[in-house]
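Colleague: I'm new to this one and would like a close look at a single part of it. Could you pick a spot where two pieces pack together, and then show me what lies around it?

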Amino acid sequence: MTRRIAEDFEDLWDFPHCIGAIDGKHVIIQCPDNAGSNFYNYKNSHSIVLLAICDANYIFRFVDIGAYGRRSDGGIFRESQLGQHLEAGQMNIPQPDSFYRGGPLLPYCIVGDEAFPLKSYLLRPFSGKDNLSAEQCIYNYRLSRARRVIENCFGILVSQWRIYRKSIISSVETTMKIVQATICLHNWLRKSNIEQTNNILPGMLDRETTEDDYIRGSWRTVMEDGCAFMNISRCSTNTSARDAMLIRDEFCKYFNDEGSVAWQNDR
């Protein structure tokens with residue numbers, strides 16, 4: 001199954017060895033009874049945390065629901081069950097292999113934005129905009145195409161389940177069940193329609209054009225209009241192990257050499 005996910009990411013988003021895209025959201029809730037400050041976050045609201053990994057077809061594969069909103073963003077990923085299982089090598093990830101004959105052995109990875117740590121199993125963009133090389137910019141672009149899948153996944157949830165249009169007025173336990181239920185229903189709809197009639201409305205998702213990077217999907221307007229999802233600003237520090245940086249450099253080299261595509265230089 002994991003290799004099939006990687007094949008889909010390569011076929012649909014031109015990113016080999018990708019086994020998922022990760023992102024996280026604060027799910028805004030009413031102030032829980034007798035909760036103290038556990039759920040009070042830095043944006044002056046109350047929330048639980050949702051971390052999720054999806055595949056190339058907008059299907060959620062792993063979710064971690066319910067961390068306290070007050071937890072510092074730097075510790076959200078590290079202290080989550082998802083992060084701990086990845087760090088401990090307990091996610092049944094295939095062994096490293098090469099993209100092409102004679103190429104280096106590279107691991108299968110998930111992709112995330114700058115909020116997430118750079119790990120041997122988690123690729124993030126090169127930081128900064130003004131000091132990046134042309135090769136690093138191309139790597140960032142190729143990664144953003146694959147990573148945007150999880151942004152659109154959350155966008156589908158907000159667009160199709162109206163309960164997310166504003167903060168959720170319910171207990172923490174019920175809110176967690178609501179999130180679980182909508183994700184299960186989302187996956188059922190995606191799996192039921194992926195080979196048939198698509199359940200995603202026209203214009204809902206981000207889409208690329210020949211003139212610009214992409215056209216914003218209609219879900220972004222909903223997300224910006226006071227909905228229950230709020231971005232997580234940072235899940236880690238900026239420190240990275242040397243092996244993780246070398247792995248990212250190899251992916252960067254591949255995207256600019258054997259794995260280059262004609263249209264990437266126009267972005």
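**Where two helices cross**

Modeller: Let's start with helix 4 and helix 7, the latter covering residues 242–255: they pack at an angle of about 95°, and their axes lie 9 Å apart. At that angle, helix 4 is roughly perpendicular to helix 7, because anything from 65 to 115 degrees counts that way. Keep in mind as you look that this is a predicted model.

Which residues make the contact? From helix 4 come Glu135, Gln136, Ile138, Tyr139 and Arg142, and from helix 7 come Arg248, Phe251, Cys252 and Phe255. Sorted by class, the contact of helix 4 with helix 7 has five nonpolar residues, three charged ones and one polar one.

Now stay with helix 4, since it takes us to another feature. The largest pocket in the model has a volume of about 830 Å³. It is lined by 32 residues, and the closest to its centre are Asp113, Pro125, Ser144, Arg147 and Glu151. Three elements give two or more residues to this lining: strand 1 (18–29), helix 4 (134–160) and helix 6 (219–223). Helix 4 provides the largest share, with nine residues. So what is the mix of classes around the pocket? The lining has twelve nonpolar residues, twelve charged and eight polar.

There is also an enclosed space to look at. The count comes to one cavity of 30 Å³ or more, and the largest cavity has a volume of about 40 Å³. Its lining is made up of Tyr100, Pro104, Leu106, Glu250, Lys253, Tyr254 and Glu258. If you scan helix 7, which spans residues 242–255, you'll meet Glu250, Lys253 and Tyr254 from that list. By class, the lining of the largest cavity has four nonpolar and three charged residues, with no polar ones.

Let's step back to the whole chain. You can pick out seven helices and six strands, and reading along the sequence gives the pattern α-β-β-β-α-α-β-β-α-α-α-β-α. Of the chain's 267 residues, 51% count as buried. Take the contacts between residues at least 6 apart in sequence: 66% of them join residues at least 24 apart.

Two single residues help to make those figures concrete. First, find isoleucine 48, in strand 2 (residues 46–54). Is isoleucine 48 buried or exposed? Its relative accessibility is 0%, so isoleucine 48 counts as buried; the cut-off for that is under 20%. Isoleucine 48 also shows how the chain can bring distant parts of the sequence together: its C-alpha atom is 8.3 Å from that of methionine 176, although the two are 128 residues apart along the chain.

For the other residue, go to the loop between helix 3 (81–87) and strand 4 (109–111), where glutamine 95 lies. With 60% relative accessibility, glutamine 95 counts as exposed, the cut-off here being over 50%. Setting aside its neighbours within four places in sequence, glutamine 95 is in contact with Arg3 and Tyr108. The C-alpha atoms of glutamine 95 and tyrosine 108 are separated by 7.4 Å, with their positions 13 residues apart along the chain.

How values were computed: Residues numbered from 1 in each chain as written. Predicted model: local features only at pLDDT ≥ 70, side-chain atom pairs only at ≥ 80, totals over all residues. Heavy atoms only, no water. 1 Å grid on protein atoms, 1.4 Å probe; cavity = no way out; pocket = protein on both sides within 12 Å on 5 of 7 lines; lining within 4 Å. Points joined across faces, edges and corners; volume = space filled by probe spheres on them. Helix = DSSP H or I, 4+ residues; strand = E, 2+ residues; numbered from the N terminus. Nonpolar A, V, L, I, M, F, W, Y, C, P; charged D, E, K, R; others polar. Axes fitted to C-alpha atoms, helices over the stretch in contact; angles between N-to-C directions. Parallel < 35°, antiparallel > 145°, perpendicular 65-115°, else oblique. Contact = heavy atoms within 4.5 Å. Buried < 20%, exposed > 50% of the residue type's maximum accessible area, 1.4 Å probe, protein only.
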